[in-house]
Amino acid sequence: MNASTSDNQDILLDPQTQIQTPLSQSDPYSHSQPHPVQAQPQPQSQPRRPRGFAATAAAAAAAAAAATSTDPTNTVSVNVSGKGKREREKEKERTKLRERHRRAITSRMLAGLRQYGNFPLPARADMNDVLAALAREAGWTVEADGTTYRQSPPPSQMASFTVRSVESPVSSASLKNCAVKAAALDCQPSVVRIDESLSPPSLDSVVMTERETRSEKFANASPINSVDCLDADQLIQDVRSGEHDDDFAGTSYVPVYAFLATGFINNFCQLVDPEGVRQELSQMKSLDIDGIVVECWWGIVEAWSPQKYVWSGYRELFNIIREFKLKLQVVMAFHEYGVSDAGEVLISIPQWVLEIGKENQDIFFTDREGRRNTECLSWGIDKERVLKGRTGIEVYFDFMRSFRMEFDDLFGEGIISAIEIGLGASGELKYPSFPERMGWRYPGIGEFQCYDKYLQQSLRKAAKLRGHLFWARGPDNAGQYNSRPHETGFFCERGDYDSYFGRFFLNWYSQTLIDHADNVLSLASLAFEDAKIIVNIPAVYWWYKTSSHAAELTAGYYNPTNHDGYSPVFEVLKKHSVTMKFICSGLQISGHENDEALADPEGLSWQVLNSAWDRGLTIAGVNALSCYDREGHMRVVEMAKPRNDPDHRHFSFFVYQQPSPLVQGTICFSELDYFIKCMHGHISGDLVS
C-alpha cells in the first residue's frame, strides 16, 4: 500500500511523465482521451464561479469527481460528449472575435489621440500610458513609478492623498463647500472625480476630493477650521460661472492695445478727421486701454514714386496719440487693404509698383490657372532687381529705415513700443491662398500660389538639386479654391501630399515662406535696432481634423498629422528675437460646422502656442474681426493666461480689433470693459454680474 502511494506521487510530480493530471488541474483547452483522475479534497473556501468555456470544463471536472467518489479504486474515465466539445469550440471563436473587436477599437482610440490630440503615446501603448498622457494633459504630474499629483498643493500635504479611481461625471452641486480632513483621509482613501465633458484647459479647475461614503452630504457642510485640515481652496475651484470661472483677480497683467480703425489717413497721407480721432482715443482711454495700434500703409506713404515717402498724416496722428499718453505699436503694412462693394481696392500697394506689374505680371503671386494676385508681391522677387533696380527686400528695408529716421523722437521717448512687420497676405506670414477676389469661400482648401516665373525658377533649381528635374512642377490634382480635401487626389486620405513628390514639393513651398521671413526680419532688425519686432502668424483651423491639413498646406505651413510645420518657422522667429502674435478666434465650433469643415481652432491654438512657448518665444494675441459675447471673451482670456499652466506663462500683450470706430456704437462697451479688466487681472468674484 505504501509503495503504491509513493509511486503515484512520483508520477504526479514528474514533469516528464506521460500520465495526465486530473481535468480540474490541467489546461481547460486540452481535450485528450479519457484518463484516470485522482480524487482531491474539497477546498475550504468557495471559488469564484467560472464562466464560458471554463464553466464547461468545471462541469466536466465535477462529473468526474462525482464518479470518483463511488469508485472504490478512485479512478474513472471522463468522456466528453461531442456536443460539449462543439460548444467549447464556438465559445473559443466568440472569444477571439470579441478580442479582435476590442483591439480594433483600442487601436482607433490611440490613433485618434496621437493624430488629433498630439499625445506622445508609444507604438504599443497600454492603458497606463493612456491614463498618464490624459493626466498630464489635465495638468497633473505623473512620475515614472506611477505617483500622480498636482503641483499646487505642497508635496508634504499631497503625500497623504492616494488616487484610487476615476469617476464621472461630477455635478456642480457636489462641489459646494467641500473640505477634507487629513486624518480622515489617512483612514479612507480619497477618490478623484473629473468632469469628462470639459476641455483640457479647464479640466484642472474641477478636481475634488471626497470620501467613499456615498451618504455624505456637501451642500451645507461647513469648513473645518483646524490646523490639521488641508485648505479646500487648494483642492477645489468651484465650477459656478458666476463666482470662480470669471475670477481673474490677481492674475498676470496683460496689456491691451486697440487697433485704430483704418480710414483716418487718406490715400494722400492726410489726417482727415482729427476731432474724430480725439473722440476715439478718449473713449479708449476711458476703457483703460494701454496703447494704440496703427497701420502704416506702404501704398499710401510711397504711393507715387520710388523712395519718395510722405509721412505728414502719420506725424499729425502720432502727435495726438502722444497727447493722450498712450503707447503706440506701428504695423509696416506691405499689402493692400479691403475691396469696396464696387470691387475697387481701398488701399492698394504703391501705384508705381502696379505700373511695373503691367509689364511684368510675374512680380505677383500666381495660381495654377495663371491668375495674378496683386494683394502683395511674390516672394520670388525677394532677391530679383525688378523694382526700378531694387529687390523686394531692399524696397521693404528702405521703407522701414525711412520710418525709423522720420520718427526717431518717438522711439527716443518710448512712445513707439513695438513694430509689426507685414510678411504676406493680410499682413500675416502666409501665401495669399484664400483670395475672395478669386471666388474663394470658407471652408475651401485654397490653391498653391507658386506659378509666377520666379518661384517656378526656384522650384526647378530645387528639383535639379534633388536629382529629379521632372518634379519641377506644382501638383496637378490639388483641386480648386473651394474644393474639399476628399475631393482631390493630393489632399485626400493617403493622398499624394505624402508621396515622395508631395513631400519634396511641400518642403520647398514651406521653405520659401521661411526664407522670406528670415530675409525680411534680418533687415528689420537692422532698421529698428533694439525695438520690439512682431510677426503675425495666421490661424488656419479649418480641415485641421483631417490627415493632410489641406488649408494649412496651401497657406505655406507644412503641418499634416505626421509633420510639425510650425517648429521651423518659430526657429527663425527665435533667431531674430521676434514676438509671435497669434489670432485667438474665441470661437466654439458648432456640430454642423465641425462636420462640414472638420475645423478645430482650439486644437490648432494648442499646437501653435505650446510649440512657440517650448522654444522660448514671446507670444502676443489678437482677436478675429468679430464682436464676441461674454463666453467668447472668456475663452480668449483663458488662452491669453491659462490658469492651469504650471509655468504661469501668459501673453506679453493683446491687441483688440474692432470692425469700425468705437464711437459708431458697434462695440458693447460693458463687455469690452469687462474683457480689459480680466486681462489686467482686476476682475474678482464680487464684480461679476
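Let me begin with a definition: a residue is called buried when its relative accessible area is under 20%, exposed when that area is over 50%, and partly exposed in between, with a 1.4 Å probe and protein chains only. Lysine 325, at 73% relative accessibility, therefore counts as exposed. What we have here is a predicted model, in which local features need pLDDT of at least 70 and side-chain atom pairs count only at pLDDT 80 or more, while totals for chains, interfaces and linings use all residues. Residues are numbered from 1 along each chain as its sequence is written, and side-chain values use heavy atoms, with hydrogens and water left out.

I will stay with lysine 325 for a moment, since its backbone deserves a look. Lysine 325 sits in the loop between helix 10 and strand 10 (327-333), where helices (H or I, at least four residues) and strands (E, at least two) are DSSP runs numbered from the N terminus. Its phi is positive, at about 55°, although lysine 325 is not a glycine. Serine 577 also has a positive phi of about 55° without being a glycine; serine 577 belongs to the loop between helix 17 and strand 17 (579-584), and with a relative accessible area of 64% it is exposed. A glycine with positive phi, about 100°, is found at position 139, just after helix 4. Within helix 4 (residues 127-137), the buried residues include Val130, Ala132, Ala133 and Ala135. To finish with the backbone, tyrosine 442 and proline 443 are joined by a cis peptide bond with omega of about 5°, and proline 443 lies in the loop between strand 15 and helix 14.

Now to the sheet. Eight strands form a closed barrel with parallel pairing, in the order 8-9-10-15-16-17-18-19, where two strands pair if DSSP finds at least two bridges between them. Neighbouring strands of this sheet are turned against each other by 30° on average, direction ignored; here axes are lines fitted to C-alpha atoms, for helices over the stretch in contact, and angles run from 0 to 180 degrees between N-to-C directions. Strand 15 (residues 416-421) and strand 16 (residues 532-537) run parallel and are joined by 3 bridges, and alanine 418 stands opposite lysine 532 of strand 16. Helix 21 (residues 669-680) lies across strand 8 (256-259) and strand 19 (654-656), at about 175° to strand 19.

Which elements, then, give two or more residues to the lining of the second largest cavity? They are strand 9 (291-297) and helix 10 (312-323), and strand 9 provides the largest share, 3 residues. A cavity is a set of points, on a 1 Å grid over the protein atoms alone, where a 1.4 Å probe fits but cannot get out, and its lining residues have an atom within 4 Å of a point. The grid points are joined across faces, edges and corners, and a volume is the space filled by probe spheres set on the points. The whole structure holds 3 cavities of 30 Å³ or more, and the second largest has a volume of about 110 Å³. Among its lining residues are Phe264, Glu295, Trp297 and Tyr314.

Finally, the charged pairs. A salt bridge is a side-chain nitrogen of Lys or Arg within 4 Å of a carboxyl oxygen of Asp or Glu, and the whole structure contains 28 of them. One joins arginine 484 to glutamate 596, at 3.6 Å from N to O. Arginine 484 lies in the loop between helix 14 (453-466) and helix 15 (500-528) and glutamate 596 in helix 18 (residues 591-597), so this pair ties together parts that are 112 residues apart in sequence. Arginine 484 is buried, at 19%, whereas glutamate 596 is partly exposed, at 38%. Lysine 575 and aspartate 518 likewise meet in a salt bridge, at 3.2 Å from N to O. That pair links distant parts of the chain, with lysine 575 in helix 17 (residues 567-575) and aspartate 518 in helix 15, 57 residues apart. Is each partner buried or exposed? Lysine 575 is exposed, at 55%, and aspartate 518 is buried, at 19%. Salt bridges with shared partners also join Glu302, Arg390, Asp398 and Arg401 into one network.

Technical notes:
Contact = heavy atoms within 4.5 Å. 1 Å grid on protein atoms, 1.4 Å probe; cavity = no way out; pocket = protein on both sides within 12 Å on 5 of 7 lines; lining within 4 Å.
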